[in-house]
Amino acid sequence: MSEFPSTWISASELTTLYGRNALSPVGAIEAMLLRASKLQPHLNAFVMIDADGARAAAKASEARWKAGTPLSPLDGVPTTIKDTTPVRGWPTRYGSHATDETPATEDAPVAGRLRAAGMIILGKSTTPEFGWKALTDSPLQGTTRNPWNLKHSPGGSSGGASSLTAAGINPFNHGNDGGGSIRIPAAHTGLVGLKPSYGRIAQHPADSPFADVISQGVLSRTVHDTALALNVMAGPDARDWRSLPADPRDYTIGLDDGVRGLKIGLSLDFGHVKADADVRALVIAAAKRFEELGAHVEDVGPLIEPLQNSFEALWIGSFATRLRQIPTQLHGKLDPGFRAAAEKGMAVTLADYAKAYEAKSKLARDLALWHGKFDLLLAPVTPTAAPPVETLYNSEAFPRWTKGAPYTLPCNLTGQPAASMPAGLTPAGLPVGLQIIGPPRADHLVLRAMRAFESASGWTWPQAKVVETLARL
């Protein structure tokens, strides 16, 4: 398979070429659509591709660049929207036969802001049913695969976005994160994945039972592109009363200020979780890199109690709420794992649910107080590298609380910003993620630490193993 340079370069490099008239948005989109059509049968990362709409948007962007009037520094950059998120004129299927083809009547805030910035929406990316798990396969859309090794999952629930980004189809793709759904697929595919502070990016509709733990964001190949995307996406929306007030901050400013003098905690067993030896070794090596960059790093132990006892009711009880909204005659078409968890959740009492919310508030308070002494926290993103695609999520072999999302969920419960950065490869050649966690609403500090680590790690794209894997297709 021939490689198109414009499909591997960053968004900022792409628009620099547009500004110099060295590359046209029309030409870039054609290259990316061609690459997408070749890889989709193997990766299964798209729910739909809107080639005609992308071409029309590229022509409009080209005209703006020629006139010297781009709408933003990301004008003409292609992206996709995860299929849990409404895009005007397209259905929102959530990977489920329990949904239908009714088109959305309005954009979600994140889709509207990307469009207003002149970005080109190529289509929608895959998700597990209702985004319920940290793998990406669904009854409606089938199995999405990892560009590093097609026998492995790209993670979830933003697995379509991670697969597209790691395969060099376009620079970055929208995802959202209610328990690790940006950070986990970023870790499994060697990407940059920031879960911004809760409310930093408005969301609508926000009537899901998980609405108070979900953050919107992107999966990217560079920290600078992540900051550019946050500039475009951040801000309140009248449809989301939870969204944070407007902040005029440019998240690209101060990216290179480094971490010298910061006090950083390291928790390999965050929440009393035991990661694989390969994962632990890479995270320890990453922590040492921060020390070399001038930060003071201290092992702080498990730090918080295991999550399952306090939050099982919140998780399965919320699934039960979703199940009650689905006609009984469609239950047989649901993901068996989702259905099993939701049916178990039918027994959750109001008292159990309320107790979980009390624990959620306590966890947020405790970690906010801890950050009074430490600037950042380092931890693994996942206990393992990317599991095989046939893995049954929340099974005895792969339980959610010890294998699925134990390291990432705490930051959804507290709302604080957290990111995944590529920490290296296991002996089997699969990526591992380092999690960088910041104090409440300190997205700028997390981005600064991400950039410092990125600069020191030497991790660049395209990765030879991915190119080799895809070249065989």
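Helices in these views are DSSP runs of H or I with at least four residues, numbered from the N terminus. The structure shown is a predicted model.

**Figure 1. Thr 189 in helix 7 is buried.** Helix 7 spans residues 183-189, and Thr 189 is found in this helix. The relative accessible area of Thr 189 is 0%, so the residue counts as buried. Leaving aside residues up to four places away in sequence, Thr 189 touches Asn 146, Pro 147, Trp 148, Pro 154, Ser 162, Ala 166, Pro 431 and Trp 461. Two of these partners recur in the next view.

**Figure 2. Helix 16 holds Glu 468, and a cis peptide bond joins Trp 461 and Pro 462.** Helix 16 runs over residues 464-471 and includes Glu 468. Glu 468 has 48% relative accessibility and therefore counts as partly exposed. Along the sequence Glu 468 and Pro 147 are 321 residues apart, yet their C-alpha atoms are 9.7 Å apart in space. Pro 147 is also one of the residues that Thr 189 touches. At the cis bond between Trp 461 and Pro 462, omega is about 0 degrees. Pro 462 sits in the loop between helix 15 and helix 16. Trp 461, like Pro 147, is among the contacts of Thr 189.

**Figure 3. Helix 8 meets helix 15.** Two packed helices are described by the angle between their axes and the distance between the axes. For helix 8 (residues 223-233) and helix 15 (residues 443-457), the axes come within 9 Å and cross at roughly 160 degrees. Angles over 145 degrees count as roughly antiparallel, and helix 8 and helix 15 are therefore roughly antiparallel to each other. From helix 8 the contact takes in Val 223, Thr 226, Ala 227 and Leu 230, and from helix 15 Asp 443, Leu 447, Met 450, Arg 451 and Glu 454. Sorted by class, this contact has five nonpolar, one polar and three charged residues.

**Figure 4. Gly 235 is buried in the loop after helix 8.** The loop that holds Gly 235 lies between helix 8 and strand 9 (263-266). With 10% relative accessibility, Gly 235 counts as buried because the cut-off is under 20%. Its contacts, not counting residues up to four places away in sequence, are Arg 113, Arg 200, Ile 201, Ala 202 and Leu 244. Between Gly 235 and Gly 199, 36 residues apart in sequence, the C-alpha to C-alpha distance is 8.3 Å.

**Figure 5. Helix 10 crosses helix 11 at roughly 105 degrees.** The axes of helix 10 (residues 308-324) and helix 11 (residues 336-345) come within 7 Å. The crossing angle makes helix 10 roughly perpendicular to helix 11. Helix 10 contributes Glu 312, Ile 316, Gly 317, Phe 319, Ala 320, Arg 322 and Leu 323 to the contact, and helix 11 contributes Phe 338, Ala 341, Ala 342, Glu 343, Lys 344 and Gly 345. Seven residues of this contact are nonpolar, two are polar and four are charged.

**Figure 6. Ser 310 of helix 10 touches Ala 356 and Ala 359.** Those two contacts leave out residues up to four places away in sequence. Ser 310 counts as partly exposed, at 33% relative accessibility. The C-alpha atoms of Ser 310 and Glu 358 are separated by 9.2 Å, and the two residues are 48 apart along the chain.

**Figure 7. The second largest pocket has a volume of about 260 Å³.** Its lining has 16 residues, of which Tyr 198, Thr 414, Gly 415, Gln 416 and Arg 441 are the closest to the centre. Helix 12 (350-370) and helix 14 (409-414) each supply at least two lining residues. Helix 12 gives the most, with five residues. The lining is made up of seven nonpolar, five polar and four charged residues.

**Figure 8. Backbone details in three loops are shown at Pro 205, Tyr 94 and Leu 303.** Most residues other than glycine have a negative phi, and most peptide bonds are trans. His 204 and Pro 205 are joined by a cis peptide bond with omega about -5 degrees. Pro 205 belongs to the loop between strand 7 (192-195) and strand 8 (215-220). Tyr 94, in the loop between strand 2 (78-82) and helix 5 (109-116), has a positive phi near 55 degrees. Leu 303 also is not a glycine and has a positive phi, of about 75 degrees. Leu 303 is found between strand 10 (296-299) and helix 10, in the loop, and is partly exposed, with a relative accessible area of 31%.

Note on methods
Residues numbered from 1 in each chain as written. Predicted model: local features only at pLDDT ≥ 70, side-chain atom pairs only at ≥ 80, totals over all residues. Heavy atoms only, no water. 1 Å grid on protein atoms, 1.4 Å probe; cavity = no way out; pocket = protein on both sides within 12 Å on 5 of 7 lines; lining within 4 Å. Points joined across faces, edges and corners; volume = space filled by probe spheres on them. Nonpolar A, V, L, I, M, F, W, Y, C, P; charged D, E, K, R; others polar. Axes fitted to C-alpha atoms, helices over the stretch in contact; angles between N-to-C directions. Parallel < 35°, antiparallel > 145°, perpendicular 65-115°, else oblique. Contact = heavy atoms within 4.5 Å. Buried < 20%, exposed > 50% of the residue type's maximum accessible area, 1.4 Å probe, protein only.
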